[in-house]
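The exercises below ask you to read a structure step by step, each task being followed by a worked solution.

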Amino acid sequence: MISRTPMLQGGSRLSKHWRSPSTPLFNFPHRLLIIFKFSSLSQAKGLNSLDEECDEFLPWLEQKAGAKISSVLSIGKSAYGRSLFASEIIRTGDCILKVPYSVQIAPGNLLPKIKALLSDKKIGTVSKLAMILLVEQKRGQDSEWDHYISCLPQHGYIHSTIFWSEYELDLICQSSVYQETVDQKVTIEKDFAAVMPALEQFPELFESITLKDFMRAYFLVTSRAWESTKGLSLIPFTDFMNHDGVSNSIVLFDEDKKLSEVIADRNYSPGEEVLISYGKFPNATLLLDFGFTLPYNIHDQVKIHMNIPYHDILREMKLELLQQHPSPTTKDAIGFSCSEDTFIIKSPKGKGKGLPQSLRAFARVLCCTSPQELSDLAMEAAQTDGRLARRPLKDSRREFQAHQMLLSHITHLMQQHDAAIKLLAPVNFPSMCDTFAHRRQMAHDLLTGELRVLKSASTWLKNYCAVLQSTIHCQNL
Ligand SMILES: C[S@@+](CC[C@H](N)C(=O)[O-])C[C@H]1O[C@@H](n2cnc3c(N)ncnc32)[C@H](O)[C@@H]1O
């Protein structure tokens, strides 16, 4: 989520931005063991047990910070792994935790000798943070972060698609996540190659660290770090909070007080799992960067690619026209800019159709059949705000053809998604191993979410085409 400003964003009162021992020292009132009342998500998932492995975590972190971090939250286990639970009544607007920057892990924490080796601009901040995790992990109990590092999930609990087998990945080959996963793995491999000199120079710190270890560390960063104006950082304790797609609580950064904090967006009873929003992420992002999906994600979207075919004799002219009149850059849910032939269809909100202007403009250009039609588009752009084919074409017949072409492209994608989803059923086959069943379920969530978005775009296009058809019919009378 990192380089893409995920858990990394926010919007807030503060600065604005974008994840053992057994003595029960816990600040968890014993009465809660008896009076847990679960509701909402935690109830639905039937959860919360005390996390004894983490009993000493909060006292350790508070001691390290020299400050109280939270008096209303306790660490427990939920269906989503570790999580934070209300240990007292929490009311909307309460500040539930404050984590000083001094106990956050940022690339600046790298040992100076390693920092110098990693100064190469090609090595991203995610990889640098990953290196810190690897160094600290290697130091074991000698590490000042041992309490934290030993609480981080191990391989078996990680389900990002970068860890999926080829067979598992094939389940989602209809989704852009497939290619994004391939690309992400290439990036990680390149970064691993780039950090190799550091690994080799300090065998005492990095001996026997494999690409798989590096990938896990990389994933831990993408799934648990936040980006703020001060850069990327892992925020212990805060990163035990799980994601709720409709929560309005986000992690806030107070530059003056040099701390991160979270404000409750609703009331919680003791024992309830306290959730935050990592960002308005579609399942595609949740799956790749965090290794989970939501069964129904209101932020779902579909990335589609459309090209001007090589056999189109107007191809060069069309490309030139599109380059001269670029549409506003398409951004995906996490603010990543998409290339000119990639378009994002979103879940429609309110009256919105979810289809981006840029895609409709592209379709209008694509459907031009003569140089004259193309120069009409250029003229129209010059007469308005300079954007190409932003408004409906004056010629309803051409407008109809462009949207009909879009409709048939989307219909084709729907058929492919539909077929892929059918192959996934039944999702919970008794003989399937847990990991595979879980990943199939996530593939199912991803593809059904994308299909839902495609269907709503298709419905809008059908209606629009029907209106255009009747206009053409009237004009012909
Ligand atoms: C920032 S960490 C949260 C703490 C984490 N549960 C743990 O055990 O340390 C993010 C990870 O929690 C899990 N997670 C968070 N929200 C989830 C959700 N709504 N559904 C399923 N898994 C979730 C995913 O494994 C994700 O990679």
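Helices (H or I, at least four residues) and strands (E, at least two) are DSSP runs that are numbered from the N terminus. The model used throughout is a predicted one.

**Exercise 1.** Determine where G108 lies and whether G108 is buried or exposed.

Solution. In terms of those runs, G108 belongs to the loop between β4 (95-100) and α4 (112-117). The next step is to count neighbours: 12 other C-beta atoms lie within 10 Å of G108, and because a residue with 12 or fewer counts as exposed, G108 is exposed. As for a distant part of the chain, the C-alpha atoms of G108 and Q301 are 36 Å apart, with a separation of 193 residues along the chain.

**Exercise 2.** Work out how helices α11 and α16 are oriented relative to each other, and which residues make their contact.

Solution. Helix α11 (residues 283-290) packs with helix α16 (residues 434-476) at an angle of about 150°, their axes being 9 Å apart. Since angles over 145 degrees count as roughly antiparallel, α11 and α16 are therefore roughly antiparallel to each other. On the α11 side the contact is made by N283, A284 and L287, and on the α16 side by M442, D445, L446 and G449. Sorted by class, this contact has 4 nonpolar, 2 polar and 1 charged residues.

**Exercise 3.** Describe how strand β2 is covered and how β2 pairs with β3.

Solution. Strand β2 (residues 73-78) is mostly covered, as 5 of its 6 residues are buried. Its pairing with strand β3 (residues 81-86) is antiparallel and runs over 6 bridges, with K77 opposite R82 in β3. The two strands, β2 and β3, form a hairpin that leaves 2 residues between them.

How values were computed:
Residues are numbered from 1 along each chain as its sequence is written. This is a predicted model: local features need pLDDT of at least 70, side-chain atom pairs count only at pLDDT 80 or more; totals for chains, interfaces and linings use all residues. Axes are lines fitted to C-alpha atoms, for helices over the stretch in contact, and angles run from 0 to 180 degrees between N-to-C directions. Angles under 35 degrees count as roughly parallel, over 145 as roughly antiparallel, 65 to 115 as roughly perpendicular and the rest as oblique. Two residues are in contact if their C-beta atoms, placed from the backbone, lie within 7 Å. Ala, Val, Leu, Ile, Met, Phe, Trp, Tyr, Cys and Pro count as nonpolar, Asp, Glu, Lys and Arg as charged, and the others, Gly among them, as polar. A residue is buried if 20 or more other C-beta atoms lie within 10 Å of its own, exposed if 12 or fewer, and partly exposed in between; C-beta atoms are placed from the backbone. Two strands pair if DSSP finds at least two bridges between them.
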